[in-house]
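Here are some friendly notes to read with the model open beside you. Take the points in order, and turn the structure as you go.

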Amino acid sequence: MSDSPARATIRRLLRHRLFVTGLALFLIVLVLAALAPWITTVDPTKLSIRAKFKPPSMDFVFGTDNLGRSLWSRTVWGARLSVEIGVAVVVLNAIFGTLVGAISGYFRWADAPLMRINDALMAFPAILLAIGITAVLGPSTENVILALAVVYIPRTARIVRASVLVLREMEYVQAAVAAGAGHARILRTHVIPNALAPLIVQLSFLFAYAVLTEATLSFLGLGAVPPTPTWGNIMAEGRQYMIEAPWIITIPGVLLMITVMGLNLLGDGLRDVLDPRLRLQA
Amino acid sequence: MGRLLLLRLAGAVPVLLLVSVVSFGLMRLIPGDPSAAIAGLSATPRMVAQIREQLGLDQPLLTQALHWYGGLLQGDLGRSILLGQSVFWSTMQRLPVTMALSAYALAITLVVGIGAGVLAALRQNTWVDQAAMMVAMLGISVPNFFLGLLFIIWFAVGLGWLPTGGYIAFTDSPWGWFQTSTMPAVSLALLNIGLLARITRSTMLEVLRQDYVRTARAKGLPRHLVVGKHALANAMIPITTVVGIIVSLLVSGSVVTETLFSIPGIGQLLTSAVLGRDYPMVQGGLLLVTALLVLVNLGVDMLYAVLDPRIRYER
Amino acid sequence: MSLLSIEHLTVAFRSETGQATAIEDVSLRLEPGEILGVVGESGSGKSVTALSIMGLLPEPAARVVSGRVVFEGQVLTGMGEHRLRRIRGPGIGMIFQEPMTSLNPIFSIGEQITETLAAHGERDRPKRRDRAVEMLERVGIASAARRLGDYPHQLSGGQRQRVMIAMALACRPRLLIADEPTTALDVTTQAGILDLVLDLREQLGMAVLVITHNMGVIAEVADRVAVMYAGRIVEQSPVELLFAEPAHPYTRALLGCVPTLDDDRVRLTAIPGALPDPRTRPAGCAFAPRCGLRVDACEAAIPPLRPLGPTHEAACIRTCAG
C-alpha cells in the first residue's frame, strides 16, 4: 500500500467522525444544487393560484407557497444559487485573499499600507458593509457576490499573511533566497503551498459565512431579485404566512442550517487534521 | 496604562480615516446617476436635478470630498432624504435601543457561552462536553433570522408568552423592555454563544494543562480556586479578544433582528435607508456605527491590559 | 515510622497507541529531616514518582495500578481529592522545574503566597501578609515587603524559583518535593538555590525529596540517593557510599560522565544507546542492551534489588562480581 502524505491525510479525514458528518450534510445540498434541472419538473416561478398553500404531500413534496409555486422546485433552485454564490465567493477569496496576504507577508514595503486597508474594511460590521455595497450597486446575484468578496477577502488575507510571515523566517525559505531564487519562485514553490492548510480551513468556514450572509441579504430584500428563488427571499415572502403555512419558512430554513452546519463541521474536521495548531481559534 | 491608551488611539486614527474614505467612496460607486436612482423611476428631470444639487453631486469630486470632511469635523454627516433629519441625530436617537439590545444579548452570551465552554473543558470527552459542543455547533449554524421566526411561531403565537414584535424602552417600563427584548436578544445571542463556548473550551483546555495550574493544585487550593481563579483568569485574556468580535457580530445581527421584531434601532434604520435608497443615511450611519465599534475595540484592548500585567507593564 | 514510604508503586499511562508502564514496583522511604535524591535520565520515571505522591498525575491518562504511598501513617493513594488537598501545602510542598511557567503570570507573588495560607485556614489578612514577607525574606528576596506586588515576569529565573520555594514552604510542610529545581537555571543561580534548600532544611527541619538528572546536584545536597532506570529503582544507598562504591553498571556510567555542578552538558549522553521504549521493555534487565557487563542471564528475568550491605542495595545480577 503506498502511503503518500496526501493519501494519509485523506484517510485521517475519513476517520474523523465530524468531518464525515459534515461532508455528508454538505453533499446533500451539493447534489440537490447540481441536479436541480433534472430533479425539478415544475418551473420554480410558475404560478398556480388554485394550488396555493398546499402543505407537503405526495403531489408537492415540500408543499406550495402563497402563489401556488412548488416549494420543492424553489428550494432546490435556491440551493443551486446558494452553492453558486458560495463557490464564487470562495474562489474570489482564494485568489485575491492569497494574493493580498502573500504580498503583504512577503514584501515588507507592502505590509503596512495593505494591512491598514484590511483593518479598515474589517472594522465595518460584516453584514452592514455587505448591505451598504449591495445598496449602492443595486440588488443582484453578481453584486451580492462582489459585496461578500469585499467583506471577506481582508479576513482571508490576514490568515494567509500570518502563515507567510512565519514561513518567511523559516530556514528553507532563507536558504532558497541565499541560493538566489527569485521572489516569484519562492512564493510559488515554498510559501504558498505551506500556507495552504490554514487557507483551506478558512475557506470552508468562509463558504458557510457566504451562504449565511447571502441568505440574510436576500431575506432583507437585497439579494437576487424575485421571482428568482433564493432561500432568503423564499423565507421573506413566507414570513407573512408563517402561522398558516409554516413549511414555507421552515424548509429553506432547515436546508440553510444543514448547509452551514455541514460546512462548519467540515471546517472543524479539516482544522483538526490539517492544522492542529489552529484549534485555539475555534 | 496611559501610554498604552495613547498608543492604541494612535493606531485607531488611520483605521478611522480609512473607514471614512470607504464610506465616502461608497456613494460615488453608484453606477449611473445616483440622483436619478434616488429620485426613482417616475421622477421628472427637474426633481433629479434638484436632488443632485441638494447632495452636491453636481460639484467636482474634490469639492464633494472637502464638503464631506468639513461636515465630519463638525459632526455633520448630511441629511437623511427619507426622514428629512440630520443623519447624526437620527442615528443617535436610535443608538440607545440597539445598545440596550446588544448589551442584553452580550450579557446572555458571556454567561452562557463562558459557562458552557468551561463546563465542557472540565468534563472533556464526556457526554456533557459532547452535548455542549453539539449545541454550540447548532448555535453557529442556525441563521438568526430563522431562529427569530421560529421563536415568534413558538413563543409569541403558539404559547402567547411574549409579544411578536415592537419595543418598549427600559426607561418607560423595565418589564415591558424585558418582554419585548428577550426573544430578539436570545436569537441574536445564540450564534455568539456558540462561538464563545467553542473558544472558551479550547482555551480552558490549553490553560488547564499549564504548569501554574498544577502549582495551584500542589499547594492545596480548593478546586473552585484552581479552576475559577487560576485557570479562568488566564483563559479570560484570549476570551476578551473575542468579545470585540462578538460586539461587531451583534451589531451586524441587529440589522436583521430589528427588522424581524420591529425594533426601532440602528439596524432597522439602516435597512430601511438601504431599501429606500437613502444614500446619505446609509453612508453616514455606516461610518458612525463603525467608528463606535472601533472605540469598543479600543476599550477591549484596554481591558486586555487590565487582565494581563505583562501588557500593563510594557514600556 | 517513616515520614513517607512508597510501597511497590506501579503507575501506567494510557495513550492512543496503547498502555505503557511509567514506573514499576518502586519503593522508597524518607525519614523526617532527611534529603533523598532520586536521579535518572529523563523518561526514567522520577517525575512520575514525585507527582504520584501528591496525587498530581495527569488524569485520566495516568493510573496507579498497584502499590501505595503512605505519608505520616495516612495512605495517600486512592485518597479523595478533598482530603488530599489538606495534605498538599501543610503536609507536603512541591516545587517544579520551570519557575517561569509554574508561577501564575497574572497574579502578584504576594497574592500567590497568601492565597495558599488562606486556603489552609489562615483567616487573618495581616498575618498572611506578614507570613508572606517572612517567607520571602527567608528565601533571600531583598526588601521583601516591597516585592509582594511584583508579578512573576518582573523577577529573574532564580528569584522566581525562590518565590516558588517560599510558596511551597509557607504552610510549614514536613516534606518538600523538588522536581528538577535547578535545571532551568544558570550555574551560579543553581548553587544558590541548592544552598538555600540546605539552609531551610536546617532551619525548618523538613525532609526533602530532590528529583534530578544531575549527579552534581545529588552530591551537593542529598543524604541518600536512589538511582532510577526505565521506571525502576536500580540502586539505593547513602550518597558517600554511592559515589565511593557504585554497584550498578548504570550508576557507574552516570558517575563516569559528570559528577560536577557546572558541566551539565555532557551528562548522560556518554552512555551509548537510549532508554528503551516503555511499551516494549525487554523481558530482563532494562539496562542490558546498553550494558558493557551484559551476560545472557541478564536477559532472562528482571533482576530484583538485592542488599549489598546494611544501607546499600542494587538490582544487578553482576554486582557481586563487579
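1. Let us start with a word we will need: two residues are in contact if their C-beta atoms, placed from the backbone, lie within 7 Å. Please also keep in mind that this is a predicted model. With that meaning of contact, the meeting of chains A and B takes 42 residues from chain B and 38 residues from chain A.

2. Which parts of chain B supply the side that touches chain A? The elements that each give at least two residues are α1 (2-28), α6 (127-141), α7 (144-158), α8 (174-208), α10, α11 and α12 (279-307) of chain B. Among these, α1(B) gives the most, with 7 residues. By type, the residues on this side of chain B divide into 32 nonpolar, 8 polar and 2 charged.

3. Now look at the other partner of chain B. Here, 20 residues of chain B are in contact with 24 residues of chain C. On the side of chain B that touches chain C, two or more residues come from each of α9 (211-218), α10 (223-260) and α13 (309-312) of chain B. The largest share, 6 residues, belongs to α9(B). This side of chain B is made of 8 nonpolar, 5 polar and 7 charged residues.

4. How do the chains compare as pairs? There are 2 pairs of chains in contact, and chains A and B share the most contacts. Chain A and chain C do not touch, and their nearest C-alpha atoms are 14 Å apart.

5. Next, chain B by itself. How many helices and strands does chain B have? The count is 13 helices and 0 strands, so, by the way these elements are assigned, reading from the N terminus gives α after α to the end of the list. The C-alpha atoms of chain B fill a box of roughly 80 × 60 × 35 Å along the principal axes. Of its 315 residues, 45% count as buried. Take the contacts in chain B between residues at least 6 apart in sequence: 70% of them join residues at least 24 apart.

6. Chain B is divided into two parts by the domain assignment: domain 1 (2-73) and domain 2 (89-277). Taken over C-alpha atoms, the centres of domain 1 of chain B and domain 2 of chain B are separated by 34 Å.

7. The largest nonpolar core has 254 residues. Those with the most contacts inside this core are A:A130, A:I131, A:L148, C:A166, C:L175, C:I177 and C:L209. Domain 1 and domain 2 of chain B both give residues to this core, so the core lies between them. You can follow one of its residues further: leaving aside neighbours within four places in sequence, A:L148 is in contact with A:V89, A:A130, A:A210, A:T213 and A:E214.

8. A helix pair in chain B is worth a closer look. Two packed helices are described by the angle between their axes and the distance between the axes. Helix α5 (residues 87-122) and helix α11 (residues 266-275) of chain B pack at an angle of about 135°, with their axes 7 Å apart. That angle makes α5(B) oblique to α11(B). Where the two meet, α5(B) brings B:S90, B:T91, B:R94, B:L95 and B:T98, while α11(B) brings B:I266, B:G267 and B:L269. The residues of this contact divide into 3 nonpolar, 4 polar and 1 charged.

9. Is B:G253 buried or exposed? B:G253 is in helix α10 of chain B. This glycine has 29 other C-beta atoms within 10 Å, and therefore counts as buried. Not counting residues up to four places away in sequence, B:G253 touches B:N144, B:L188 and B:L191. The C-alpha atoms of B:G253 and B:L122 are 31 Å apart, and 131 residues separate the two along the chain.

10. Finally, try a residue of chain A. A:V211 has its place in helix α10 (residues 196-219) of chain A. A:V211 counts as buried because it has 26 C-beta neighbours inside 10 Å. Beyond neighbours within four places in sequence, A:V211 is in contact with A:S82, A:G86, A:T259 and A:V260. From A:V211 to A:V151, 60 residues apart along the chain, the C-alpha atoms are separated by 13 Å.

How values were computed:
Residues numbered from 1 in each chain as written. Chains lettered and ligands numbered in written order. Predicted model: local features only at pLDDT ≥ 70, side-chain atom pairs only at ≥ 80, totals over all residues. Core = buried A, V, L, I, M, F, W, Y, C linked by C-beta atoms within 7 Å. Buried ≥ 20, exposed ≤ 12 C-beta atoms within 10 Å, placed from the backbone. Domains from an automatic or database assignment. Helix = DSSP H or I, 4+ residues; strand = E, 2+ residues; numbered from the N terminus. Axes fitted to C-alpha atoms, helices over the stretch in contact; angles between N-to-C directions. Parallel < 35°, antiparallel > 145°, perpendicular 65-115°, else oblique. Nonpolar A, V, L, I, M, F, W, Y, C, P; charged D, E, K, R; others polar.
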